[in-house]
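User: I'd like to go through this fold with you, one bit at a time. Can you take my questions in order?

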Amino acid sequence: NTTAAIADFGRAIDLSPAPPADAYRQRGLAYLHQQKLPQAITDFDHAIRLNPADRESHFNLGLAYMEQNDPRRAIRSLDRVLEQPQGQPPEFLATAYFQRGLAYAHPSLSEYARTIENLDQAVKLTPANDALFYQRGLAYAHQKNYAEAVNDYTQALHLNPANPQAFYQRGTAYSRQEEYTRSIEDFDQAIQLSQPAEAAET
């Protein structure tokens with residue numbers, strides 16, 4: 001219950017003469033889950049002021065800025081996470097690279113080369129994550145590099161064969177390459193996977 005969590009962390013902050021950074025971070029997370037973004041950002045800022053090395057708060061601040069459609073500030077926060085990667089869990093670093101890649105791909109920036117650079121790093125860290133290949137495929141498609149897009153969608157489908165969006169995007173990339181037979185096959189798969197289970201059985 002995020003409302004109860006917010007109240008609990010609020011009491012802890014009010015009662016402590018020197019509230020720990022963790023209390024602000026945890027309350028910020030609860031606000032973030034409730035989409036109360038200004039409150040979340042304020043709490044993450046408090047946590048960072050108390051502990052500038054708190055990478056989780058920098059990361060969560062980046063997520064909150066992305067939810068606010070502010071990719072530039074999101075990138076600055078994620079830069080702080082990634083500037084000293086030593087000792088950080090690979091999954092955490094990969095997620096930070098992934099989120100920074102998405103920020104560069106935001107329509108207000110459309111810096112797809114930087115998106116690809118970040119997703120390259122994320123793939124090195126967690127090569128079994130199909131979402132990384134799918135998102136990198138989208139970035140290649142925006143660059144009209146349809147051959148690389150197909151390669152990434154194919155790898156995403158190898159890791160997750162039940163993703164209709166990957167079939168749809170690969171079908172679109174095949175169509176751009178005038179490979180219409182393959183395009184139709186992928187669109188068929190996308191349609192079948194998108195049908196409700198009841199409809200697929202009839």
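Below is a short run of questions and answers on helix content, burial and helix packing.

Analyst: Quick ground rules: this is a predicted model, where local features need pLDDT of at least 70, side-chain atom pairs count only at pLDDT 80 or more, and totals for chains, interfaces and linings use all residues. Residues are numbered from 1 along each chain as its sequence is written, and side-chain values use heavy atoms, with hydrogens and water left out.

User: What does the secondary structure of the chain come to?

Analyst: Helices (H or I, at least four residues) and strands (E, at least two) are DSSP runs, numbered from the N terminus. Along the sequence the pattern reads α-α-α-α-α-α-α-α-α-α-α-α. So going by those DSSP runs, the tally is twelve helices and zero strands.

User: What percentage of the chain's residues count as buried?

Analyst: Buried means under 20% relative accessible area, exposed over 50%, and partly exposed in between, with a 1.4 Å probe and protein chains only. The chain has 202 residues, and the buried share is 42%.

User: Is S77 buried or exposed?

Analyst: S77 sits in helix 5, residues 71–82. Skipping its neighbours within four places in sequence, S77 is in contact (heavy atoms within 4.5 Å) with H58, L61, G62 and Y65. Its relative accessible area is 6%, so S77 is buried.

User: How are helix 9 and helix 10 oriented to each other, roughly parallel or roughly antiparallel?

Analyst: Axes are lines fitted to C-alpha atoms, for helices over the stretch in contact, and angles run from 0 to 180 degrees between N-to-C directions. The axes of helix 9 (residues 146–159) and helix 10 (residues 164–176) come within 9 Å and cross at roughly 155°. Angles under 35 degrees count as roughly parallel, over 145 as roughly antiparallel, 65 to 115 as roughly perpendicular and the rest as oblique. That's why helix 9 and helix 10 come out roughly antiparallel.

User: Which class split does the contact of helix 9 with helix 10 have?

Analyst: On the helix 9 side, Y146, V150, Y153, T154 and L157 meet A166, F167, Q169, R170, A173, Y174 and R176 of helix 10. Ala, Val, Leu, Ile, Met, Phe, Trp, Tyr, Cys and Pro count as nonpolar, Asp, Glu, Lys and Arg as charged, and the others, Gly among them, as polar. The split is eight nonpolar, two polar and two charged residues.

User: And how is helix 2 oriented relative to helix 4?

Analyst: The axes of helix 2 (residues 21–33) and helix 4 (residues 55–67) come within 11 Å and cross at roughly 20°. Helix 2 is therefore, relative to helix 4, roughly parallel.
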